[in-house]
Amino acid sequence: MQVSITPVQCPDQRKRNRMTSLPRHNGILLHPSSLPGPHGSGDLGAAAYHFVDWLVTAGQSLWQVLPLGSVGPGNSPYISPSAFAGNELLIDLKQLHDAGWLSDADLKAIPAFPEGRVDYAAVRGFRVEHLRRAAKRFLERRKEPQQAAFAAFCANAADWLEDYALFMALDRAHGGDSRMWQDWPAALAHREPDALRAAQHEHADEINFWKFCQWRFHEQWAALRHYANERHIQIVGDLPIFVAGHSADVWANPELFDLDEHGHPRVVAGVPPDYFSATGQRWGNPLYRWSAHAAQGYRWWVERMRQTMKLCDMVRIDHFRGFESFWEIPATAATAIHGQWRPGPGEAVFAAMRHELSDGQGRLPIIAEDLGIITPEVNALRQAIGLPGMRILQFAFDGDANNPYLPHNYEVNTVVYTGTHDNDTTRGWWESLGRKARDHVRAYLGIGKDDDEGIHWQLIRLACSSVAAFCVIPMQDVLGLDSAHRMNDPSLGQGSWEWRFRWKQVNESHARRLAELARLYGRRRA
């Protein structure tokens with residue numbers, strides 16, 4: 001009798017086998033603000049649904065976005081007044097009109113917005129004015145059929161919505177471009193109960209306005225996500241590790257942050273000096289008091305991730321290395337030079353998330369942004385949690401065959417990008433390279449100078465053909481756009497986050513070529 005023997009596998013072998021069987025996905029990186037549309041910036045209206053349909057035609061299965069919260073200083077979505085609230089500027093005004101809360105006349109006089117970029121000052125003024133009109137009409141109609149739905153949303157989101165709406169109302173009453181919450185009247189800054197009750201009564205209308213905005217954002221986003229999921233498109237969200245100092249999060253939870261007795265950060269976040277900057281980067285975000293988070297079972301982080309997972313199917317965590325150790329800079333320091341490394345919470349915070357939020361097999365749908373100064377300890381943490389890391393092709397060509405960003409060095413549990421929102425476009429990157437660097441890229445790709453015009457498609461093909469389970473391409477690279485179209489330049493305080501595309505830039509060949517690459521390299525849609 002012939003006996004079949006099944007080899008016993010060690011845990012590492014079983015893990016490697018699971019990794020090699022991961023489904024292969026392709027996707028596009030595009031923030032909704034970059035969509036076309038008539039009201040100055042992209043939103044959750046018709047163009048967003050059209051984009052989902054285009055992704056289907058292009059054989060894609062992922063749509064990656066930037067953080068969906070309100071924009072902060074410099075119009076950055078990474079510096080939001082709330083880690084839980086959505087961006088009111090993404091609300092589709094046409095849907096408010098269809099609900100009867102905006103009139104035909106309201107949407108008739110539209111300013112002459114620039115077509116290829118977001119003029120945030122003009123857009124904010126126009127959109128918020130119309131949101132206020134819509135909220136006023138809705139809130140005044142006590143017999144409005146959707147009043148019950150609004151009340152239910154407010155009740156379900158109360159844990160974060162009450163503090164957020166009050167924060168926004170108080171910021172309008174006592175804040176300004178340069179005034180932080182620490183500069184408000186002391187009783188409000190320190191959240192004395194009597195002062196908060198009085199403020200809730202005094203600013204009831206403003207509080208309800210911000211609640212209305214969050215209700216509409218979440219309803220519109222849920223409908224769009226449902227539409228995408230029905231067509232086998234998963235949404236990849238983005239969660240910044242740190243929060244803004246001037247935010248409802250810090251104001252409402254000061255015990256969770258490293259603050260002084262006046263509520264100001266004692267130390268701030270950043271990264272140390274490196275090849276790119278002799279003084280490092282001083283981001284200025286308040287740092288967490290991780291011992292306080294641990295004492296609460298990391299409850300704030302669990303709820304933050306729970307809220308993000310309501311919006312997205314997968315979540316990219318920005319600056320993952322900060323969970324292993326983070327660069328602590330004295331708040332009084334002008335640069336990041338005199339900081340020091342401090343230990344992060346490690347696996348504990350993810351264990352708390354896994355306990356409440358994982359799928360049936362204990363997995364968390366998280367991507368670790370592991371760029372920058374990555375030590376063996378950071379890699380070990382990511383691997384212990386089982387998260388895919390990121391690889392950027394623009395970082396790959398320094399002449400070293402062992403460069404971890406070169407595709408022949410990838411592991412399967414990886415997300416590969418030609419570039420991210422912080423990078424130049426692939427065409428802009430190529431145009432910035434010297435002759436020797438270009439020759440090295442051509443040699444690796446096996447192409448000649450005649451192929452330079454299509455260099456963006458060469459890198460897209462390289463990403464798609466890699467063993468990485470996930471491949472995400474910025475929309476600018478699909479369109480072959482130059483540096484004028486990059487989304488963000490981290491060295492600039494102003495002028496980023498403004499890029500928008502136009503449908504006339506997209507032709508049939510873009511979707512056809514993406515679909516063909518997905519077919520060739522086994523990245524077919526479900």
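Which residues does W301 touch, not counting residues up to four places away in sequence? W301 touches L239, I241, Y288, W290, H293, F323, V349 and M353. The structure is a predicted model. W301 is listed among the residues with the most contacts inside the largest nonpolar core, which has 159 residues. The points below cover the nonpolar cores, two buried helix residues, an open sheet of four strands and selected salt bridges, of which the total count is 34.

**Nonpolar cores**

- The largest nonpolar core comprises 159 residues. Within this core, the residues with the most contacts are W54, W63, W301, F350 and M475.
- Helix α9, spanning residues 204-230, supplies the largest share of this core, namely eleven residues.
- Another core, of five residues, lies apart from the largest one. Its members include V268, I329, A333 and A336.

**Buried residues in helices α19 and α4**

- H510 belongs to helix α19, which covers residues 508-520. With a relative accessible area of 8%, H510 counts as buried because the cut-off for burial is under 20%.
- When residues up to four places away in sequence are not counted, H510 touches W54, W457, V478, L479 and Q505. One of these, W54, is also among the residues with the most contacts inside the largest nonpolar core.
- V128 is located in helix α4, residues 120-140. Its relative accessible area is 16%, so V128 is likewise classed as buried under the 20% limit.
- Leaving aside neighbours within four places in sequence, V128 is in contact with L89, V123 and F209.
- L89 and V128 are 39 residues apart along the chain, and their C-alpha atoms are separated by 7.5 Å.

**The four-stranded sheet**

- Four strands form an open sheet in the order β5-β4-β7-β8, and their pairing is antiparallel.
- The edge strands are β5 (281-286) and β8 (340-343), each of which pairs on one side only.
- On average, neighbouring strands of this sheet are turned by 50° against each other, with direction ignored.
- Strand β4 consists of residues 267-271 and is mostly covered, with five of its five residues buried.
- Three bridges connect β4 to β5 in the antiparallel sense. In this pairing, G270 has R282 of β5 as its bridge partner.
- β4 also pairs with β7 in the antiparallel sense, over four bridges. Here A269 has E328 of β7 as its bridge partner.
- Strand β7, residues 325-330, is joined to β8 by four bridges, and these two strands run antiparallel. S325 has P343 of β8 as its bridge partner.

**Salt bridges**

- Side chains of opposite charge can pair when their charged atoms come close. The count of salt bridges in this model comes to 34.
- R197 and D194 form a salt bridge in which the closest N and O atoms are 2.3 Å apart. Both residues lie in helix α8 (residues 193-202); because they are three residues apart, about one helical turn separates them.
- D194 has a relative accessibility of 58%, and therefore counts as exposed.
- E303 forms a salt bridge with R299, with an N to O distance of 2.6 Å. The two residues are four residues apart in helix α12 (residues 299-311), which is about one turn of the helix.
- E303 also forms a salt bridge with R306, the closest N and O atoms being 3.1 Å apart. E303 and R306 are separated by about one helical turn, because they are three residues apart in helix α12.
- E303 is partly exposed, with a relative accessible area of 26%. Its partner R299 is partly exposed at 34% relative accessibility, and R306 is partly exposed at 25%.
- D106, E129, R133 and R137 are joined into one network by salt bridges that share partners.

Notes: Residues are numbered from 1 along each chain as its sequence is written. This is a predicted model: local features need pLDDT of at least 70, side-chain atom pairs count only at pLDDT 80 or more; totals for chains, interfaces and linings use all residues. Side-chain values use heavy atoms; hydrogens and water are left out. Two strands pair if DSSP finds at least two bridges between them. Axes are lines fitted to C-alpha atoms, for helices over the stretch in contact, and angles run from 0 to 180 degrees between N-to-C directions. A salt bridge is a side-chain nitrogen of Lys or Arg within 4 Å of a carboxyl oxygen of Asp or Glu. Buried means under 20% relative accessible area, exposed over 50%, partly exposed in between (1.4 Å probe, protein chains only). Contact means heavy atoms within 4.5 Å. A nonpolar core is a set of buried Ala, Val, Leu, Ile, Met, Phe, Trp, Tyr and Cys residues joined through side-chain atoms within 4.5 Å.
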